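Student: I would like to learn how to read sheets and helix packing in a model. Can we work through one together?

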Amino acid sequence: MGLRRDLLLFPGGKKKALTFSYDDAVTQDAQLVRLMNRYGMKGTFNINTGLLGTEKTYTRDGKTVSQNRLEREAIHAVYTGHELAVHGLTHLDLALAGNAAAAYEIMADRKNLEDLTHTPVRGMAYPFGTWNEALVNLLRSCGTAYSRTTKSTGAFTIPEEFLTWNPTCHHADEQLFVLAERFFEPEQKYSGPRLFYVWGHSYEFDLREDWERMELFLAQMSGREEIWYASNIEICDYVKASRHLQYSADGRYIHNPTALDIWLSVNQAPHICPSGQTTCLDRQETV
Ligand SMILES: [Zn+2]
């Protein structure tokens, strides 16, 4: 038997995924979500529920913009169809807060979001992007599935450790459109899934007056057959499910004990592992 190579595909056999992560639930999120919806995008919004309805301005280079937070009552309508995730109750720097305060910030925020969404909220983005090992362990204890950092990779890799999930780039990154081009570059042989992960704050579009640039990016990325448009938690859950596939000694049988259908590229041919079933790979395919 030749050396077989199994590579993950996204649902439907797609080779690429695109996701977004926006922080702080500022009022400009309403405009961003409208844009994202227009282009069929899906994203994740990280919310400090303890700061909802508060007013603030932000000044940079002599320009002042609103940093007002959405009202609690507006959350449901603004974000329908997208994921809501934890960002700490009051945007405390959790890496400096100490375990007890950090645990409260995380779980109180989560409880508030779950009261709004009526579903378990398992995602998070680190306030200020700061984290340390103690905080990661705390998140693990809390049952948090993933947490996003602010460290851009400039790459399309799937994280090994979702509790320190580094995004591809910030939306204001000068390389945004170069990365988009690279994302679409054809490859002779499939070498694994590509994930494009963009993060930011929507008040930054007011600050830089670059809403149009974002719309151009969304337009370029939209309507592509090969892309899975997904929230952070959908990607996290899918990838983690794929890590639970059970292989027979000779690799011919794959059992999928999870609740999600998993798609693989086996020697460059797509193979579905249906949820809860065992599939047999034809000997031909594996030679
Ligand atoms: Zn923030």
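Tutor: Start with a definition: two strands pair if DSSP finds at least two bridges between them. Keep in mind that this model is predicted.

Student: Which residue stands opposite Ile254 in β14?

Tutor: Thr279 does. Ile254 belongs to strand β11, residues 253-255, and β11 pairs with β14 over three bridges in the antiparallel sense.

Student: What is the strand order of the open sheet with β11?

Tutor: The order is β10-β11-β14, with antiparallel pairing. Its edge strands are β10 (246-247) and β14 (278-280), and each pairs on one side only.

Student: And in what order do β1, β12 and β13 run in their sheet?

Tutor: The order is β1-β12-β13, an open antiparallel sheet of three strands. Here β1 (6-9) and β13 (269-273) are the edges, each paired on one side only. From one strand to the next, the twist averages 35 degrees.

Student: How many bridges join β12 to β13?

Tutor: Five bridges join them, and the two strands run antiparallel. Strand β12 covers residues 262-266. For one register point, take Ser265: its bridge partner in β13 is Pro270.

Student: Now helices. What describes two packed helices?

Tutor: Two quantities do: the angle between the axes and the distance between the axes. In this model, helix α4 (residues 99-117) packs on helix α5 (residues 133-142) at about 45 degrees, with the axes 11 Å apart.

Student: Why are α4 and α5 called oblique to each other?

Tutor: Angles under 35 degrees count as roughly parallel, and 65 to 115 as roughly perpendicular. The angle here is about 45 degrees, so α4 and α5 are oblique to each other. The crossing of α4 past α5 is right-handed.

Student: Which residues of α4 and α5 meet?

Tutor: From α4 come Asn99, Ala102, Ala103, Ile106 and Met107. They meet Ala134, Leu135, Leu138 and Cys142 of α5. By class, that contact has eight nonpolar residues, one polar and no charged ones.

Student: Zooming out, which domains does the assignment give?

Tutor: It gives domain 1 (16-240) and domain 2 (246-286). Their C-alpha centres lie 32 Å apart.

Technical notes:
Residues are numbered from 1 along each chain as its sequence is written. This is a predicted model: local features need pLDDT of at least 70, side-chain atom pairs count only at pLDDT 80 or more; totals for chains, interfaces and linings use all residues. Helices (H or I, at least four residues) and strands (E, at least two) are DSSP runs, numbered from the N terminus. Axes are lines fitted to C-alpha atoms, for helices over the stretch in contact, and angles run from 0 to 180 degrees between N-to-C directions. Angles under 35 degrees count as roughly parallel, over 145 as roughly antiparallel, 65 to 115 as roughly perpendicular and the rest as oblique. A crossing is left-handed if the near helix is turned anticlockwise from the far one by less than a right angle, and right-handed if clockwise. Two residues are in contact if their C-beta atoms, placed from the backbone, lie within 7 Å. Ala, Val, Leu, Ile, Met, Phe, Trp, Tyr, Cys and Pro count as nonpolar, Asp, Glu, Lys and Arg as charged, and the others, Gly among them, as polar. Domain bounds come from an automatic or database domain assignment.
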